[in-house]
Amino acid sequence: MTAAPAQAAKDAVDLIDVTKQFGSATAVDHVSLHIRRNEFFSILGPSGCGKTTLMRMITGFERPTSGQIHLNGRDVKNEPANKRDLNMLFQSYALFPHLNVFDNVAFELKVRKHERSTIRARVTEALNLVRLVGYDDRKPSELSGGQKQRVALARAIVSRPSVIMLDEPLGALDQRLRQDMQLELKRLQREVGVTFIYVTHDQNEALTMSDRIAVISEGRVMQVASPTQLYLEPANRFVADFIGTSNLLTGRVSSTTAHQVCVDVEELGQLRAPGNPQCTPGDVVHLSIRPENITINSDTEERAPSTDTVSVPGKVAEVVFLGDDTRFFVDVGHGTLLTVKQVNMSRLGQAQPIALNDQVTLRWSISDSRLLTE
Ligand code: ATP
């Protein structure tokens, strides 16, 4: 077995420059990830980005073309899937239909020939944790989808693996149950104190549960960060667009100072953005502005120029009422639409509401825009 590098010892899983090729197609492209012990870590990306392939390499069902995978600091290159200190949870539950809940959960412990008293204690503890006390004698066919998922979860934790891999496990549940289970999974992960690696294409699911998220696109890691960081400080255009909603404008840097960068955006002219030491005049860059950071006003008169605010005129192309907020889609020229999100506080005190085809002015604080170089 290869000696663990110093960095690896504190991590549950380390992927070190891992690549996977299927023929000439690269499914995973030089990925390095360090997943900490007891962390809720999500691998998030659109369909086909390589999530399942990454998961299958960690579990041992697939071998990397190059690179290393360490589990608890040990290189597991030669360790078969059934010997790795991890368990899996799938959307399909994979319960034995002829066994009752107790025996489904106890199955692995029986195979490993644990004492009867140990099995009873561990299964009872696991069913307690997933809130299925009293369901021991039921068959899977007598359970709801959510209950089956809890049994599968109890089975995944009962042998106390150091890592549990979850591959879109909530996909089969309806929206409401899904939201409940997301909170349940987060609670369970904290209580059991185990590393969860959650694979999903659903950004809300990842944001709700994760300590950190790796955003993947076309086999490559775009960014690894906490949900808040991903939202507030996306590293590139892909992350800004994939996490939440973003207005993205592309332009060329015309001038820079330590504090501000001027960007020439074809539709809008010169826009100012926060300083960025990576930018030099002539560079093509992208400005990301979140819809909730833009204000919309029906005053179209020029105000005195402000050093910290950007103003852009436009015409309201669409208004969508969504209950707690309203979205305005504003044409700012050449068919470019910017989205504005306005929280609906109260009808009281609201000035004349903004309507379709109104001429408006959009304003945002320069510090609320983000300049992206890739
Ligand atoms: P989804 O969310 O749709 O399951 P994914 O992000 O999990 O997608 P993967 O299943 O890992 O993506 O696939 C990544 C790429 O590798 C895809 O282009 C896929 O077609 C390809 N791929 C995966 N498995 C194989 C295989 N056994 N042989 C050839 N190509 C494969």
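Strand E12 (residues 260–265) pairs with strand E13 in the antiparallel sense, over six bridges. Within this pair, Val-261 of E12 stands opposite Ala-273 in E13. Both strands belong to an open sheet of five strands, in the order E13-E12-E11-E14-E20, with antiparallel pairing. The edges of this sheet are strand E13 (269–274) and strand E20 (369–372), each of which pairs on one side only. From one strand to the next, the twist averages 45 degrees.

The model described here is predicted. The protein chain has an average pLDDT of 89, and 94% of the residues score at least 70. Residues 1–8 have a pLDDT below 50; beyond near neighbours in sequence, this stretch has eleven contacts in the model. For the complex, the predictor gives an ipTM of 0.96 and a pTM of 0.87.

**The six-stranded sheet**

Another open sheet has six strands in the order E6-E7-E8-E3-E9-E10, and its pairing is mixed. Strand E6 (86–90) and strand E10 (220–225) are the edge strands, each pairing on one side only. The twist in this sheet averages 20 degrees from one strand to the next.

Inside the sheet, strand E7 (residues 163–167) and strand E8 (residues 195–200) run parallel and are joined by five bridges. Here Asp-167 stands opposite Val-199 in E8. Helix H1 (residues 51–59) packs on the sheet, where H1 touches strand E3 (40–44), E6, E7, E8 and strand E9 (212–217). The direction of H1 makes about 150 degrees with that of E7. Helix H4 lies across E6 and E7, and runs at about 175 degrees to E6.

**Strand E1 and its partners**

Strand E1 (residues 11–22) takes part in two of the pairings listed below. The table sets out strand pairs from several parts of the model.

| Strand pair | Sense | Bridges | Residues opposite each other |
|---|---|---|---|
| E1 and E2 | antiparallel | eight bridges | Asp-11 and Arg-36 |
| E1 and E4 | antiparallel | five bridges | Leu-15 and Ile-69 |
| E7 and E8 | parallel | five bridges | Asp-167 and Val-199 |
| E12 and E13 | antiparallel | six bridges | Val-261 and Ala-273 |E2 covers residues 25–36, and E4 covers residues 66–71. E1 and E2 form a hairpin with two residues between them. Gly-23, in the turn of this hairpin, has a positive phi of about 60 degrees. Besides the Asp-11 position, Asp-14 stands opposite His-34 in E2. On the E4 side, Leu-15 has Ile-69 as its bridge partner. In a regular strand, side chains alternate between the two faces of the sheet.

**Helices packed against H4**

H4 (residues 145–158) meets helix H2 (residues 101–111), their axes coming within 8 Å and crossing at roughly 25 degrees. That angle makes H2 roughly parallel to H4. The crossing of the two helices is right-handed. From H2, the contact is made by Val-101, Asn-104, Val-105, Phe-107, Glu-108 and Leu-109; from H4, by Val-151, Ala-154, Arg-155 and Val-158. By class, the residues of the contact of H2 with H4 are seven nonpolar, one polar and two charged.

Helix H3 (residues 116–129) also packs with H4, at an angle of about 135 degrees and with the axes 9 Å apart. H3 and H4 are therefore oblique to each other. H3 passes H4 in a right-handed crossing. The residues that meet are Arg-122, Val-123, Ala-126, Leu-127 and Leu-129 in H3, and Ala-154, Ile-157 and Val-158 in H4. This contact of H3 with H4 has seven nonpolar residues, no polar residues and one charged residue.

Ala-154 and Val-158 of H4 appear in the contact with H2 and again in the contact with H3.

Conventions. Residues are numbered from 1 along each chain as its sequence is written. This is a predicted model: local features need pLDDT of at least 70, side-chain atom pairs count only at pLDDT 80 or more; totals for chains, interfaces and linings use all residues. Axes are lines fitted to C-alpha atoms, for helices over the stretch in contact, and angles run from 0 to 180 degrees between N-to-C directions. Helices (H or I, at least four residues) and strands (E, at least two) are DSSP runs, numbered from the N terminus. Angles under 35 degrees count as roughly parallel, over 145 as roughly antiparallel, 65 to 115 as roughly perpendicular and the rest as oblique. A crossing is left-handed if the near helix is turned anticlockwise from the far one by less than a right angle, and right-handed if clockwise. Two residues are in contact if their C-beta atoms, placed from the backbone, lie within 7 Å. Ala, Val, Leu, Ile, Met, Phe, Trp, Tyr, Cys and Pro count as nonpolar, Asp, Glu, Lys and Arg as charged, and the others, Gly among them, as polar. Two strands pair if DSSP finds at least two bridges between them. pLDDT is the predictor's confidence in each residue, from 0 to 100.
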